[in-house]
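Visitor: Please take one helix of this model and go through it closely, from the residue that caps it to the one that follows it.

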Amino acid sequence: MNHISPKKNSNKLRLLMLFASLLISIIILALASSEILKGGSYCPAAVATPVTLTPKNQRIVEIRVDGTTVIDNQPFFPFGFYHVSWKSTAQERRSALRDIAAAGFNTIHASATNLDDYGEFLDEAERLGVYVLTEQNSIGLLNLINAFKQKLAVLGWSMADDVDNGKWSVDNLLKSYQQAKTTDPNHITYVSGYSNKIKQFANCSDVIARQSYPIKWRKLEELPATYSDILDARAAAAQFNRSTYANLQTYNWQSHSSKYDGSQAPPFQKVRNMTYQALLAGTKGILYYTYHHSSWHLPDHPDLWEGVKSLVPEIKAINSFVLNGDFQKIKAG
């Protein structure tokens, strides 16, 4: 008769439990992988983030759990302008940067047209104390990141404009996001969109920027749209601890298309109103569109330009509340 000791039984039981545990883990991983590969209309609920490395000569830009942007552990409220630079010279882009910095703004969204001169632009931005979100066209996102991720003026990388126009799928944007974060885990990614469809991309980028350009004909019903636009985007991003910036209108629709002939740029008081609507809706940054594009140059409209510049001290005055305050809505009847 063979006799099996209690010790041997115990060892077999441990082996069986270990095998069962490994089998369950493999099944769970397989199911999770199939869900990610399967895709769908929304980004997955969780995206793996690479381990953050900390080079001595690179700032670390992150998104706090409440959506606030943090630079080297200090909260930061991006406040600035787009500069659509595709048809501008390098000197024109740098001149705009100087104007924006001189007015007290701290952020610019700029276009990199080539790798040869863009480093000088980023160096100038650092000297002026302005952070930069960069978009690219034919350079290639990873080429752009690898070329300039050590620059101290870099806030992040603009992956997609009008991301909700039907040309981007969730899977494609998610792939770009993962590639960007693998290449540079120390800066944020940014996308911008103009409709509620942007919500499906809420977990595909660190920042979801919502465009609100409601002023075409100066009708009373145009103005209140900004609050709901930003509120909806903020609610979607907050589910994933992402951030929402507001892109607010400082241009005339007529500069984009002849179908808006007769439209007017928003007067400054309406821009100011949109600014506070966005703040009340929970935006974590404001980038006005635009300082410049091919058929619009904001300083050519001095009343609007001077008015928007006057917002800088207003925002500075409430900056600590915006970054660290406990926001509560009061029912005023």
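Guide: The model is a predicted one, and the part to look at is helix 3, which starts after a cap. Asn114 caps the N-terminal end of helix 3, with a side-chain oxygen placed 2.9 Å from the backbone nitrogen of Asp116. The helix itself covers residues 115-128, 14 residues in total. Its length can be checked against a rise of 1.5 Å a residue: the expected span is 20 Å, and the C-alpha atoms at the two ends lie 21 Å apart, so the two values agree.

Next comes the matter of which side chains are covered. The buried residues of helix 3 are Asp117, Tyr118, Gly119, Phe121, Leu122, Glu124 and Ala125. An α-helix makes one turn in 3.6 residues, so positions three or four places apart point the same way. With that spacing in mind, the list can be read along the helix: Asp117 and Phe121 are both buried, as are Tyr118, Leu122 and Ala125. Glu124, a residue with an acidic side chain, is also on the buried list.

The cover over these buried residues comes from several elements. Among them are two helices, helix 2 (90-102) and helix 4 (141-148). Strand 5 (107-112), strand 6 (131-136) and strand 7 (154-160) also contribute to the cover.

At the other end, helix 3 is followed by Gly129. The phi of Gly129 is positive, near 75 degrees.

Key. Residues numbered from 1 in each chain as written. Predicted model: local features only at pLDDT ≥ 70, side-chain atom pairs only at ≥ 80, totals over all residues. Heavy atoms only, no water. Helix = DSSP H or I, 4+ residues; strand = E, 2+ residues; numbered from the N terminus. Expected span 1.5 Å × (residues − 1). Buried < 20%, exposed > 50% of the residue type's maximum accessible area, 1.4 Å probe, protein only. Contact = heavy atoms within 4.5 Å. Polar contact = N/O pair within 3.5 Å; in protein donor to acceptor, adjacent residues only side chain to side chain.
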